[in-house]
Structures are given as structure tokens and as C-alpha cells.
Amino acid sequence: MSDEAALPAGALPLSQRLTVKILFSFISFLLLALAAIGATLLLSWQLEGGAAAINDAGSLRMRTYQLGLQLRQVEQDPARAVQLSANLGRFEQTLQRLEQGDPARPLLVPRRADILAELDEVRAHWSVRMRPLLLSSAEQTLNRTVRGDAFEREIEPFVGKIDTLVRDIEQHNARKTEWLRLCQTLLATLAVLGTVALIYLMFLIVIRPLERLHLGIQRLAGGDFSSRVPVETHDEFGEVAAGFNDMAGRLAEANATLEFQVEAKTAKLTEKNRELSLLYEIAAFLNRPATLEELSQGFLERVSAAFAADGGAVRLSDTPHGMLFLVAQHGLPAGLSEREHCLPLGECVCGEAAASGETRIETFTAGDGRFDCQREGFVVVSSFAISSQARLLGVYHLHFRQPRIFTRQQRQLLETLGQHLAAALDNQRLAATARELAVLEERNLVAQGLHDSIAQGLSFLNLQTQMLEDALRRDDREALAESLGQIQAGVQESYDDVRELLTNFRASLAAEDLFSAVDAILERFRRQTGLRVEVQREGDGAPLSPDQQLQVLFILQESLSNVRKHARASRVVVRIEDERDLLLTVRDDGVGFDAQEVAQRPSGHFGLSIMQERAQRAGAELAIGPAAPYGTQVVVRLAQRDRLSA
């Protein structure tokens, strides 16, 4: 498989990518530059080695003359033989260095055949003639003049060969120098030409495509949707140019159909706004206080008007009996409403929709006439569930005398409206249930209050009546007078209890805060009993909920009622500490009570059970006990967490 076949869809082959082209151009230029620089470095190294070789070869001439001079000095002074020997060694070292070369210096005799042959001649002449003559002259001091002249006669031919070698090396170095200058010139030319080539290459593959693309964008921005960019390459710029041309074509097409699209979007937005407006209107209406029939009728009228329905109905289900009851109708003939006022589940279109709990849209065919609504002239009947939390409460229907098609969005809207109506109906039922529970609870408290006050008073009067009857039968006037007094006191006490109960039942907190309501209760207590009442207040905490405030006031009234009836007190102190917690204390200086004795009674005279139930209902704690040094103390404590959670 080739590399191009292995590429992902839409990817360019490596050979066509812009980055590869630019990278190849720079690498090629770099390689040429490195080759030219390498050539100049090599030539420089060779020239340096040749110069060292010329220097050493030239030094051979000087050393040859020195050896001749030192040979004469040895003939005159044998002690100079040591210096002659040292110079001879240095001469041979220099000659050997020329033959072998020294890359470290560098020193290198050009590896040309003629130069190497000349170097060999110099070596041979030295080894065969010059060195033996020199050594012989040094050893034979008796015949030094003859031997020294022989060496001197060989100096000039030997030096001539050295000169020839040096001259050829110099000529070779001169040619190398010309090559070095040529390479440097070539390198400079390459730098100029390479820079120009790279600039031109960048212009061809980068700058020119960018300029064409920029001009195309400017023409497109100016409204010329026919603007196109030529696709000249198959690299990234070619893909960008092709993409630009495709985008320009799409823009031209979109511009041609822009008016139609704007109208379509506007219509869609208008439909959305109408749906939102309808949802808001119906949600606001369903949140108003109204009866079940008023909610259903108002809902039906608004939905019918929004969808231009010719008629409609709201039916609620009675699941235990399997029936549907007509709660509201709009635009239905009187006969149809009368006949279908109560429908069994599963009967007719409405009953079938209620039985399945699903949206149903029935379109009648001509000449059928098997349903009452069809015979009344309706062509389309749509049914939508009124359900809350997967519980079906009923269905509502929209009737049309002309064919009607519902979109998926409209069906979702109608189903959502049905859920809103179900939630409103559920809230009504929950509110009614809560009211019934509140009434039942209050009736229970009223019954307990009647039992602890009037019922006990009537029981006492019944007992006194029996005693009065017995006194009449015995004609005991003293007992008769005592019974009449007891009956009169009992009637008065029952009358006071009735008035106090009526006052408690009519307590209203609509326009009073806690302190104002307490002041009103204590002022009424002063007028009824004539007792001295003191009020102590501290703090300014968060307001209580209406139910909590009502229960606290009822506990205060019951406490004062017990003081009036049983304490025989002369002074009452009411203290309210309203900080984070609410603390209400009622303390009197009366006779007090025996807590164990009262606890053993099935129903105490102090209304303890009523007060405890009211405290629990408010989320408060109630404590009743003796006060120091005498009397009774009632303490109600409502913690911060309970007063804020109410």
C-alpha cells in the first residue's frame, strides 16, 4: 500500500504539502551552502599544509648551507662535531616530516606525482651522496680539505633540486589559492542567488496565493458573490482556495434565497413567540385563585382562541367509577353537551383518549356519522391528556369544522398545556385538602376547649341541679340557698368561658405583629379580671409565620384563662424575649398546682393537652411548672431553626 493510500480522507500527500515544499527548498539551499563552505575549508587546510611544506622545504636549503659551514668549523675545531650532528638530525627530521606530513600543524606536501617524484629525488640525493659525504668529512679529520670540498661541490646541485621542489609546491599552492578564491566567489554568488530564489519561491507558493485570496475576500466583502480564486496548486493554499470558492458559491446561493429564509425564520420566530405568549398567559391565569370550573373554562377559552378551534371541552375522570364528567365546554351544541355530559371511559373518541392517556387526533371521513360530534358537523376532534406526575386527571378536546393538521411542535405545546392545567387542578385539590385538615384540626382543638371549659361547667351545674332537687325534696332551705348560689356561679363561669372561647376563635392576625396582638390580649384580660399585669419585652427577632404566631397567642390566652379560673392570683407577669429564639414566659403569684395530681387526671382543668398540641403544631417547646417562690409559670420556647423553617 502506498503512503498516499494510507492517508486519512481529505489529507494531502506529503509531496504536495506546502510545508514539505518549503522544507525541501531550505534543505537544498542549506546543503549547497554547506558543500561550498566545506570546499573552502578543505582548500584552506590544504593551503595551510602547503605553506608549511614550503617553509620546511625552504629551510632545507638553509640547513644545507649551515651543514657546509659547520663542516669547515669542525675541520678547524673538532669540538663542533656535536653541533654538526644535531643539525644533521634536525635536517633529517625535516626531510622525514615532508615525506610523511603532519595533519596536526597542518603540514602536507601536495600529493601530485611530479612533486612527490621531486621529493624522492631530494631524499635519494641526500641519502646517497650528501649524507655519506658529510659523515665522511666529519670522521676523517686528516683529509678534511678534500672531503669538505667534495661536500661543498654537491651543495649547489642538491639545493637546486630543493629549489625545484619548493617552486613546484608554490605553484601548486598558487593554483589552490585561485580555487579558494573561486569557491569564495561561488559561495557569495550562491548566497545572493539562493536568497533571491528563496524570496521568489516564497512569493510563488505563499505571498501570491495569499494576495489572491485577500483580493477575493475583499471582493466578497464588497458584495461580489461571483468572486473566485484560481486553484493553481494542490497544496494547503490550493485547499484554502477551493474552500473559499465553495464558501463563495454557498454565500451566493444563500444570498439568492435570503429573502425566503428571512421570511421562514421570521415565521418560525413568530410562532415561537406566540407559543411562549400562550404558555405565559395560561400559566398566569392558572395561578389565579378560582374554582375548578372557572379554571377549566378560562383555560379552554384561551386554548380554543389560540388554535382557532370551533369548539372544545374539558372532562375530568372519576377513576373508581370509570366515568368522564364534563367540567367546561366552549362552542359545542347544547344537545351534544347534554348527551355527553357524563361518558364512560373507552366510549366515543373522548372516552377512548381518556382510557389510553395518549394524544389522539381523529379526522372523520365523509358519510361515516358514527360519532355524535361528527353528526354535529365537526371534521377533526383532537384529545390531549390532563396528567400530573404520570397520573391521568382527565382530557381536554378541541373540535374543528374544517380539516386541521397539527405539527409535532404544536402537539408538544398542547400536551404541555394539559400538564399545566393538571398541576393547577392538583394544587386546588391539595389546597382544599389542606383547608379540610386545618378545619378538622381546629375543630378538634375547639372540642377539647369545650370539653375542658363548658362541658365541665355543665357537668358541675348538672350536679348542683341534682343537689337543688334533693334540697327541695327535703325542704332544706340552707342547702337550697347554697345550691342556688353554686348554680349562679357556675352559669356565670360558663358564660365567661363561652365569651373567652368566642374571643379566641375570632382572633385575627392580618394587621398585627406579635407585640401588638399580645398587648390587645393583655388589655382585654385586665378589663375582664381587674388583675395587675406586667409586660417585659426584649429583642427584635425575625417575624413568625402566621400559624406559629396564632398558636403562640392561643397558648398565652389559655394560660391567662387558667390564671383567671384557678390561680386566685393578684399579679401576672408576661415576658417576651425575641432574639434568635423566641421565649414567652407567663408567671403568676397564685396558689400554684400539684403537677403529679394534674398529670393523673384523664383531662386536666388547665387545658394542658390543648396547650401541648398547639406548641407541637408551632414547632415549639412547652414547659409548665411552679414558679419561685409561689405561683405557676408557663414557658414557650421556639428555636431559631423552627421559626425560620416555618
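The legends below walk through several close-up views of this predicted model.

**View 1. How confident is the predictor along the protein chain?** Averaged over the protein chain, the pLDDT is 77, and 81% of the residues score at least 70. Please take care with residues 1-9, where the pLDDT is below 50 and the stretch has six contacts in the model beyond near neighbours in sequence. Residues 141-147 also have a pLDDT below 50, and this stretch has eight contacts beyond near neighbours in sequence.

**View 2. Helices H3 and H4 pack against each other.** H3 spans residues 81-100 and H4 spans residues 113-139. Their axes lie 12 Å apart, at an angle of about 170°. Angles over 145 degrees count as roughly antiparallel, and H3 and H4 are therefore roughly antiparallel to each other. On the H3 side, look for Leu-84, Leu-88, Phe-91, Glu-92, Leu-95, Gln-96, Leu-98 and Glu-99. From H4, they are met by Leu-119, Val-122, Arg-123, Trp-126, Arg-131, Leu-134, Leu-135 and Ala-138. Sorted by class, this contact has eleven nonpolar, one polar and four charged residues.

**View 3. Five strands make an open sheet with mixed pairing.** Following the sheet across, the order is E7-E8-E9-E11-E10. Which strands stand at the edges? They are E7 (532-538) and E10 (621-626); each has a single partner strand, so one side of each is left without a neighbour in the sheet. Neighbouring strands are turned by 10° against each other on average, direction ignored. Strands of a sheet pair through backbone hydrogen bonds, either parallel or antiparallel. Here, E8 (residues 571-578) and E9 (residues 582-588) pair in the antiparallel sense over seven bridges. A handy pair to find is Arg-575 and its bridge partner in E9, Thr-585.

**View 4. Helices H15 and H17 meet the sheet.** H15 packs on the sheet and touches E8, E9, E10 and strand E11 (632-638). The direction of H15 makes about 10° with that of E9. H17, for its part, lies across E10 and E11 and runs at about 150° to E10.

**View 5. H15 and H17 also pack against each other.** Here H15 (residues 546-567) and H17 (residues 608-618) have their axes 9 Å apart, at an angle of about 160°. That angle makes H15 roughly antiparallel to H17, and their crossing is left-handed. H15 brings Asp-547, Gln-548, Gln-551, Phe-554, Ile-555, Glu-558, Ser-559 and Asn-562 to the contact. Met-611, Arg-614, Ala-615, Arg-617 and Ala-618 come from H17. By class, the contact has five nonpolar, four polar and four charged residues.

**View 6. H14 passes H15 in a right-handed crossing.** The axes of H14 (residues 514-529) and H15 come within 11 Å and cross at roughly 20°. Are the two helices roughly parallel or antiparallel? Angles under 35 degrees count as roughly parallel, and H14 and H15 are therefore roughly parallel to each other. In H14, the contact uses Leu-514, Ala-517, Val-518, Ile-521, Leu-522, Arg-524, Phe-525 and Thr-529. In H15, the contact residues are Gln-549, Leu-553, Leu-556, Gln-557, Leu-560, Val-563 and Arg-564. The contact of H14 with H15 divides into ten nonpolar, three polar and two charged residues.

Note on methods. Residues numbered from 1 in each chain as written. Predicted model: local features only at pLDDT ≥ 70, side-chain atom pairs only at ≥ 80, totals over all residues. Heavy atoms only, no water. Axes fitted to C-alpha atoms, helices over the stretch in contact; angles between N-to-C directions. Helix = DSSP H or I, 4+ residues; strand = E, 2+ residues; numbered from the N terminus. Parallel < 35°, antiparallel > 145°, perpendicular 65-115°, else oblique. Left-handed = near helix turned anticlockwise from the far one by under 90°. Contact = heavy atoms within 4.5 Å. Nonpolar A, V, L, I, M, F, W, Y, C, P; charged D, E, K, R; others polar. pLDDT = per-residue confidence, 0-100. Pairing = 2+ DSSP bridges.
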